[in-house]
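I am opening my notebook on a new structure, and I want to write down what I look up and in which order. I will begin with the surface and then move on to charges and cysteines.

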Amino acid sequence: MKIFESFMKIMRKHLTSSLIYITIFLIIGIAMTKSSSDKDIGYTARRLNVSITDLDDTEASRAAVDFIAKNHDIVEVGEDNDERLDALYYGNASVILTIEKGYSEKLEGGGTTGLFTEISVPGTNTSQLLDSQLNRYISLVSAGVAGGKTPAEASVKASEALSREIETVMFKDVGEGSEKEDVQYQYFKYLAYILVAVLMNGLCPILLTLRKKDIHNRISCSGISSHSQLMQISLATLIFVIGVYVLLIGAGVALFGGDMFTKTGLLSMLNAFVFIIVVMMICLFVSVLSPAMTTLSMIANVVGLGMSFLCGVFVPQNYLGDTALSIGKLLPTYWYVRASNIIMEKEGEVLSYGNFFICVGVQIAFAAALFCITLVLSKNRRQSEI
């Protein structure tokens, strides 16, 4: 009897439950990625249509007009009040700004109020961006005047300083922003639950079926050595596990593209590979205990949800109590999630290769311990059946 072929035949019968978990997970991942791409990532400047009337007409006031023109579009709407209201109503102007007479003198005397008059559509927040920029601008101009500069000189310096500040913010935040990194972080963190659910609902039934008395007796009568039996089951199990891993990582590549091949992406893939080996050992351990097939789903939920809640998958680790964390450290999922936090520098962690490989090493230790326990239990079971 070819055990490998039998494994694959049984796998096809139990593949549906695994595919359901994977499909739901990928749908959620796609929705999260779509939501992230639809949002404004980082800070992007919005240009308003601003009408300016300069009643002061000094070097300082003209510098203020130039500063506004760098960040917004200047429009002409006429001097008549009705024309201004029409421009606001039809959206031709977002804000109508007047630089009051005595603007330069007030700045020279240290005044910062009554410099502008502003009209915008009531009930909207279109003028808040301009107000924020002008407040920052005037505070820098006032600081320059207090330092001995003329209002005109201080205005030029303030405009230059704010231009550099905006460029720095734009360089840092725009583009592939932190929101996409957060989605990738959540994707790998929730893999801790999905891998347990998929393997325990997909792999354990196959192993339990092969351990049924009639099938076990047929295998024993087939003349296949114990070593060959172990090798075939191990190979088939490994193919199943690697197939699940490749499918989920391939989905990650489709969702996040080149980000999966950055330093953080590669470390996350390594962390996930080690963890799926741990989950495989959990499945082998559970199969040796030979629980009833009807209770397998319950065991999978208890193990998957229990480790997820105690180890920081569903609730961040820094929100968990001391008791929960103490229990979580005794479970492999805790170290997987902590490694993910270190990779992505989340929850107060910083990227440290030493700490990361400690977490990976602990997971490997869990896998080795489960493997040894499984071998001992399997040997004792075989001896008791003789």
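Entry 1, a nonpolar patch. I began with Leu238, which counts as partly exposed because its relative accessibility is 36%, and I kept in mind that this is a predicted model. I found Leu238 in helix α11, and I noted that Leu238 helps to make a nonpolar surface patch of about 310 Å², together with Ile242, Val246 and Phe273. I then asked which helix gives the largest share of the nonpolar patch. I wrote down helix α11, residues 226–256, which contributes three residues.

Entry 2, a negative patch. I turned next to charged residues at the surface, and I noted a negative patch that is formed by Asp80, Asp82, Glu83 and Asp86. I looked up Glu83 in particular and placed this residue in helix α4, which runs over residues 81–89. I recorded Glu83 as partly exposed, because its relative accessibility of 41% falls between the limits of 20% for buried and 50% for exposed.

Entry 3, salt bridges. Side chains of opposite charge can pair when their charged atoms come close. I therefore wanted to know how many salt bridges a search of the whole structure finds, and the count is three.

I took the pair of Arg62 and Asp57 to start with, where the closest N and O atoms are 2.9 Å apart. I recorded Arg62 as partly exposed, with a relative accessible area of 39%. I found Asp57 in the loop between β1 (49–54) and α3 (59–71), and I also noted that Asp57 has a positive phi of about 55°, although this residue is not a glycine.

I went on to Asp182 and Lys346, whose side chains meet in a salt bridge at 2.2 Å, N to O. I asked myself why this pair ties together parts that are 164 residues apart in sequence, and the reason is that Asp182 lies in helix α8 (residues 178–202), whereas Lys346 lies in the loop between α15 and α16. I added that Asp182 counts as partly exposed, at 29% relative accessibility.

I then wrote down the salt bridge of Glu349 with Arg338, in which the closest N and O atoms are 3.2 Å apart. I noted that the two residues are eleven apart, with Glu349 in the loop between α15 and α16 and Arg338 in helix α15. I recorded Arg338 as partly exposed, at 22% relative accessibility.

Entry 4, around the loop of Lys346. I looked up Glu345, which sits in the loop between α15 (332–344) and α16 (353–385), and I found that its phi is near 55°, a positive value in a residue other than glycine. I recorded Glu345 as partly exposed, with a relative accessible area of 49%. I also followed Lys346 to Asn318, and I noted that they are 28 residues apart in sequence and 9.9 Å apart in space, C-alpha to C-alpha. I placed Asn318 in the loop between α13 (296–311) and α14 (322–328), and I recorded this residue as partly exposed at 47%.

Entry 5, cysteines. I asked how many disulfides the structure holds, and I wrote down zero. I checked Cys283, whose nearest cysteine sulfur, that of Cys204, is 3.9 Å away, so the 2.5 Å limit for a disulfide is not met. Is Cys283 buried or exposed? I recorded Cys283 as buried, at 0% relative accessibility, and I noted that Cys311 counts as buried at 0% too.

Key. Residues are numbered from 1 along each chain as its sequence is written. This is a predicted model: local features need pLDDT of at least 70, side-chain atom pairs count only at pLDDT 80 or more; totals for chains, interfaces and linings use all residues. Side-chain values use heavy atoms; hydrogens and water are left out. Patches are made of residues with over 30% relative accessible area and no salt bridge: like charges are joined within 9 Å, nonpolar side chains (Val, Leu, Ile, Met, Phe, Trp, Tyr) within 5 Å. Accessible areas come from the Shrake-Rupley method with a 1.4 Å probe; for residues, only the protein chains shown count as cover. A salt bridge is a side-chain nitrogen of Lys or Arg within 4 Å of a carboxyl oxygen of Asp or Glu. Lys and Arg count as positive and Asp and Glu as negative; His and the chain ends are not counted. The place of a charge is taken as NZ of Lys, CZ of Arg, CG of Asp or CD of Glu. Helices (H or I, at least four residues) and strands (E, at least two) are DSSP runs, numbered from the N terminus. Buried means under 20% relative accessible area, exposed over 50%, partly exposed in between (1.4 Å probe, protein chains only).
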